[in-house]
Amino acid sequence: MATRITVLGTGRMGSALARRLAGAGFELTLWDRTADRAKAVGLGRVAASPAEAVDKAEFVISSLTGPDALRATYLGPGGAVEKAHGQLFLEMSTAGPEFEAELAPRVASTGSYLVDATIVGAPPIVEKGEAVILVGGDPTHVERGRLVLEHFGTVRHVGAAGNGARLKLIANSMLAQVMTGAAELQNAGEAAGLDPADVFWLLARFVPSLETRRPAFVENELQPTMFALRDLRKDLDLALGVFHAEDAPAPMTALARELVSQAMGEFSDNDIGALVRLFRRAR
């Protein structure tokens, strides 16, 4: 009998996780607060509530937009904890360590367990099984979770619960700094009369992952969204909250957040590659 997995949240990332798991032969149940979005994935069974989705699952994955959505999904009426009973919850959203600390004891009170298993990699990388999964939590539960998590890519246990969430904020702060820096230099090179393709080729030599944003940087296209600017800004807000709470100076992250916020005014739902347009518009 196939292992039963529930996926809570079927946005871009949740859908990619579901497709990867379906390809590996797992039995899926999906839930999304917009039922039609869960149905559009075209996989498994679609549940009417988080509680119904969790009831018969062995593993539960949550991939939601942030703390408010997670709180409603887990703890609200018909929430996931109502039917939790010994499952392993793999929390794969970017919600910050404070929410993980709030949620873990509520899950544990049902006899279930929660580990934070944040993802470094865009949905297409997840579907190829080439992402990095940063997992914080008890080693016994982390090892149990590998049965599922290794289908998405490389699993790295990073210590205590909450550390996966902390490292994800480090990762996305780095991404913001790289993207804003690359956008600035792409525009500066073009302003100096250089061929956009030559400028981008050089930047991508330093940061190979930029290749996924070639349409935005070289052709000036608004490419399909892999990671929306509004989601990056949300993650930078979470990151700066953590950094400031620890008195860790973060001026470059703060500047990146300001630039992302400016770009959001016009390109909120667009991919982060649209950052280059912020600089081109000024020119």
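**Exercise 1.** Determine in which sense strand β1 and β4 run, and which residue of β4 stands opposite Val 7.

*Solution.* Strand β1 (residues 4-8) is joined to β4 by 4 bridges, and these strands run parallel; strands here are DSSP runs of E with at least two residues, helices are runs of H or I with at least four residues, and both are numbered from the N terminus. Two strands pair if DSSP finds at least two bridges between them. Val 7 stands opposite Ile 61 in β4. The model is predicted, with local features needing pLDDT of at least 70 and side-chain atom pairs counting only at pLDDT 80 or more, while totals for chains, interfaces and linings use all residues. Residues are numbered from 1 along each chain as its sequence is written, and side-chain values use heavy atoms, with hydrogens and water left out.

**Exercise 2.** Follow β4 to strand β5, and state the handedness of the unit that β4, α4 and β5 make.

*Solution.* β4 and strand β5 (residues 88-91) pair over 4 bridges in the parallel sense, with Ser 62 opposite Glu 91 in β5. Together with α4, the strands β4 and β5 make a right-handed β-α-β unit, where right-handed means that, with the strands pointing away from the viewer, the path from the first strand over the helix to the second runs clockwise.

**Exercise 3.** Sort the residues of β4 by the way they point, and decide whether they are buried or exposed.

*Solution.* In a regular strand the side chains alternate between the two faces of the sheet. From β4 (residues 59-62), Phe 59 and Ile 61 point one way, whereas Val 60 and Ser 62 point the other way. All are buried, that is, under 20% relative accessible area with a 1.4 Å probe and protein chains only, exposed being over 50% and partly exposed in between.

**Exercise 4.** Describe the largest pocket by its volume and its lining.

*Solution.* The largest pocket holds about 1,300 Å³ of space. A pocket is an open set of points on a 1 Å grid over the protein atoms alone, where a 1.4 Å probe fits, with protein on both sides within 12 Å along at least five of seven lines, and lining residues have an atom within 4 Å of a point. Its lining has 48 residues, and Met 13, Gly 121, Pro 123, Met 226 and Phe 227 lie nearest the centre. α8 gives the most to this lining, with 7 residues.

Methods: Points joined across faces, edges and corners; volume = space filled by probe spheres on them.
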